[in-house]
Each structure stands twice: as C-alpha cells, then as structure tokens.
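Q: Could you take me through the surroundings of the ligand in this structure, step by step? I would like to see which parts of the protein meet there.

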Amino acid sequence: MDAFLLEGGNPLNGVVSASGSKNAALPMMAAALLLEGECSLQGVPQLRDVDTMRHLLNDMGDSYEAPYDWVRQMRASVCVLGPLLARYGRAIVALPGGCVLGPRPVDLHLRGLEALGATIRVENGCIHAEAKSGLSGATIDLLGPAGPTVLGTANILMAATLANGRTTIQSAAQEPEVVELANYLNACGADIQGQGTSRIQVEGVASLKAVPWRLPPDRIEAGTILLAGAITRGHLRVNQCRPEEMTELLNALAAVGVPIQQGSDWVEVKPGNHLAAHSIQTGAYPGFPTDLQAQWMAFSTRCEGTTCIEEKIYPERFVHAEELNRLGAQIKRKGASALLAGPRTLSGAPVLASDLRASAALVLAGLIAEGETLVRRVYHLDRGYEKLEEKLESVGAKVRRVVDSNGP
Ligand code: EPU
C-alpha cells in the first residue's frame, strides 16, 4: 500500500495549477445517464473517485441497477439514482452506509424523488425506486438538520430535467458544483433557473442532448495547496482557480495575517510576519467548506493563540485531530468543536488517516514537522487529489510516494 514520506521544513515557493473539480465531475458523469449522444467532459481529474464512477457507469451498461460494490466505495454513486429514474422510470441503487465522517443519510434524496412521484422502498440494503408513468414536477424542500444537501440537490435537479412540468427546489444547495451541473444541463437543453440561489426552478423537457463541457477548477484542491503554501510560510501561487469561490478561506487567511494577492483566476500567498489564531465554523456555501476544515486545523498549529473549529456539517469529522496530536499538536475535542492551542512545533511520526481531507491535513502537517512524517494509506488521498505529491514537490516540498511494507 502506498504512503507519502515527507521531510518537513521547506517553504513552498512557485506556481501550481489547480486540477478539474472532483465534486463537479462526479454528478456530471452521472448526468450522462440523462443525455442522448456522446458525452465529453474535459479537464476530468485522474482520481480514484472518478475511476469508481466510470466503472460504475460502464458496469451498469443499459441496466438501472447500481450495485453495493461500487456504492460502498464512494457515496457519490448515489447520484445515479435521480438520472436512472428519470431515464428508465426505475432504479435499484444500493443504500450507502455510514462513513468515517459520521452518519450520512440519504433521506432527503428519497423524499425529493417521492415528491416527484416515485415509489420508493428500501429492501435488502437497496433503494428500489419506481415511477411507472414517469416523474412529475413538484415543490420540494431539501432542508436537512445540517442545511441543504449538495448531492441531494444534484439528484433532484437531474431527475426534474426530464419530469413532466415544473419542479421548484426550495432550500437548494448553492455550491458552485451544483451551479456548474445546472449550467451544463442547460447547455444540453434543460430549462433550469435560479442555480446559485436557494430556490431552483426546473421546467421538464422531453430530451437532453450531450454537449462537450470543460470542468471547473477544484476549489478544495486549490484551497489545500494554498494552505500548504501558507503553513510553510512560502510564496506560492495557485493558477487556474476561481478565487471568487474561495472567499471564506481567503478571508480567514487574511485574518490570520497571511498576505494574499489575487487575480481573476489565480491566488497567491506570501509569508506573514506574525500568524494570529483565527476560529472558523464550517457551513454550506458560501460558508467555510467542511472539506477544508481538517487542513485549516493543521495550518492553525502554526498560529499564535487559541483556534476554535466548529464543524456544522459533519459533527464527527475529526479523525485527523488525534493524528495531528501525535505530531505534537494540542487539540481538544468538545462535541462538534475542536480547540487548538498554538503555535506548536510539530515533530514527524508515522500517521494514518481514514478519510480524504484528513489525509490532506496530515500531509500539510508533514510539510512543517521536524524530521520525517510517513502518511500511511494515501489511497484515501488518491480519491480526491490529482498527483498531489508531484504538485507539492514541484514547488519545493520534500515528499515521496513510497511503498509502505508495514501497513495493512
Ligand atoms: N444530509 C441529510 N440527509 C440527506 C443528505 C444529507 O441529513 O439526505 C445531511 C448530511 O448528513 C450532512 C449534511 O446533510 O450533515 C450535508 O450533506 P450533503 O448531502 O450536502 O453532502 P454530500 O452531498 O453527500 C458533498 C460532497 C462532500 C462535502 C459535502 C458538504 C460530493 C461528491 N461530496 O457530499 O465532499 O463534504 O457535500 O459540502 O460532492 C469530499 O470531497 O471530501 C466530501 C466529503
């Protein structure tokens, strides 16, 4: 199994380009089920999650069944549900289980599809959905206990494009990836309005025709790399990104004292003289992304004072805290929050994380830890970061992909 071996202490200086967005790519690949003609997405990142979606779609062929073997590898597989129902009037999709981020129910997805007229039963670990006489437009509220649901909005949006009549989605997710999906579907002939606001309206159309599309940059990857620059007190620019989608992160970095410059498609961090702790609270877009929470925690070990990190989307998303403590951080969990005392000098050790963003946080920590840090099981990282070690190495990081012979 692969691991990353890092030697800390080198500031990252130079320029890195962001890759295409994973979380835009996955639902847009699932949207192929809705489209006539050949779908061509450009700028698709080479990632394990993208491969999983590719295999899932290939294996399904002309069937309407998404088996557990794929769904358990990647929860985003659930976003084939809406397109399958819309296209075939039937879908059998394995029910995704919990994951390391905590409970991740799909009740809102199911409620939304029921509102569109589907009959749904969950049996033997599978969602069986049927809409014999097609789906019909309806008004649906997708507000859950932690706010709107991103993939739930994508699922209902996709199903509604081919439904009869008008669908109104209230409390819709406003994430840029949802906007991109809606814009893509519109280019294919859908009639969607209001994307990027909390109220999306879809007029059903008879058919959709595939058009070529270029994926947007990955705002979470771009943010992670910027934080790699900031944590090492480097002078690092991320090109081919959309700074306007990273406002909360850039504001937080500025509040810490990191000098930032930005253009229309690039952002740059420079070494700050003094880094002051800055507390964050994750939230739905345009809030601070939960997918950058772990990386912010690693970065905050550098900052002077107490940082409070409140996780509002996944209250249990803290597996990285204990691993960061093993490197010398001082982090205490308190319910859905973590308190950090900084600055701390980190020292290298073997560490292990069981989720994608937690692994990224450990890589950031490894960039500043004294001595060697072995981040094990980087297959989590390979799910969502394209050639991260090569990108970091190109700007001065000492990081190598190695075979971890001790690891399971
Ligand atoms: N929720 C419900 N019921 C539902 C669906 C969600 O209660 O039916 C709750 C969840 O438990 C959570 C909250 O609503 O507390 C938000 O979950 P959401 O449905 O928005 O998450 P998701 O759509 O499954 C996407 C991203 C995640 C990202 C979240 C939040 C993709 C493929 N995944 O997941 O990305 O954390 O939105 O922004 O787009 C990652 O890339 O590392 C990742 C986990």
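A: Happy to; here is a walk around the ligand, and then a look at the two domains that share it. Keep in mind that this is a predicted model.

Let's start with the neighbours. The ligand is surrounded by 24 residues, and the closest are D107, T149, L151, D291 and I313. By type, this shell holds 14 nonpolar, 4 polar and 6 charged residues.

Next, look at the oxygen atoms of the ligand. R357 has a polar side-chain atom 2.7 Å from one ligand oxygen atom. For R104, a polar side-chain atom lies 3.1 Å from a ligand oxygen atom, and for N23 the distance from a polar side-chain atom to a ligand oxygen is 3.1 Å. On its own, the ligand has 820 Å² of accessible area, and the protein covers 90% of that.

Which elements build the shell? Two or more residues each come from helix 1 (22-30), helix 5 (107-115), helix 6 (150-161) and helix 12 (356-368). Helix 5 gives the most, with 3 residues.

Now step back to the domains. The assignment gives domain 1 (2-19 + 217-403) and domain 2 (22-214), and each of them supplies at least three residues to the shell around the ligand. Taken over C-alpha atoms, the centres of the two domains are 30 Å apart. Their contact involves 25 residues of domain 1 and 22 residues of domain 2. Between them, the domains bury about 1,900 Å², with 51% of it on carbon and sulfur atoms. On the domain 1 side, Y285, Y314 and R383 supply 31% of the area buried against domain 2, more than any other three residues.

Note on methods. Residues numbered from 1 in each chain as written. Predicted model: local features only at pLDDT ≥ 70, side-chain atom pairs only at ≥ 80, totals over all residues. Heavy atoms only, no water. Near = heavy atom within 4 Å. Polar contact = N/O pair within 3.5 Å; in protein donor to acceptor, adjacent residues only side chain to side chain. Areas by Shrake-Rupley, 256 points an atom, 1.4 Å probe, with all protein chains shown as cover. Helix = DSSP H or I, 4+ residues; strand = E, 2+ residues; numbered from the N terminus. Nonpolar A, V, L, I, M, F, W, Y, C, P; charged D, E, K, R; others polar. Domains from an automatic or database assignment. Contact = heavy atoms within 4.5 Å. Buried area = accessible area lost by both parts, 1.4 Å probe.
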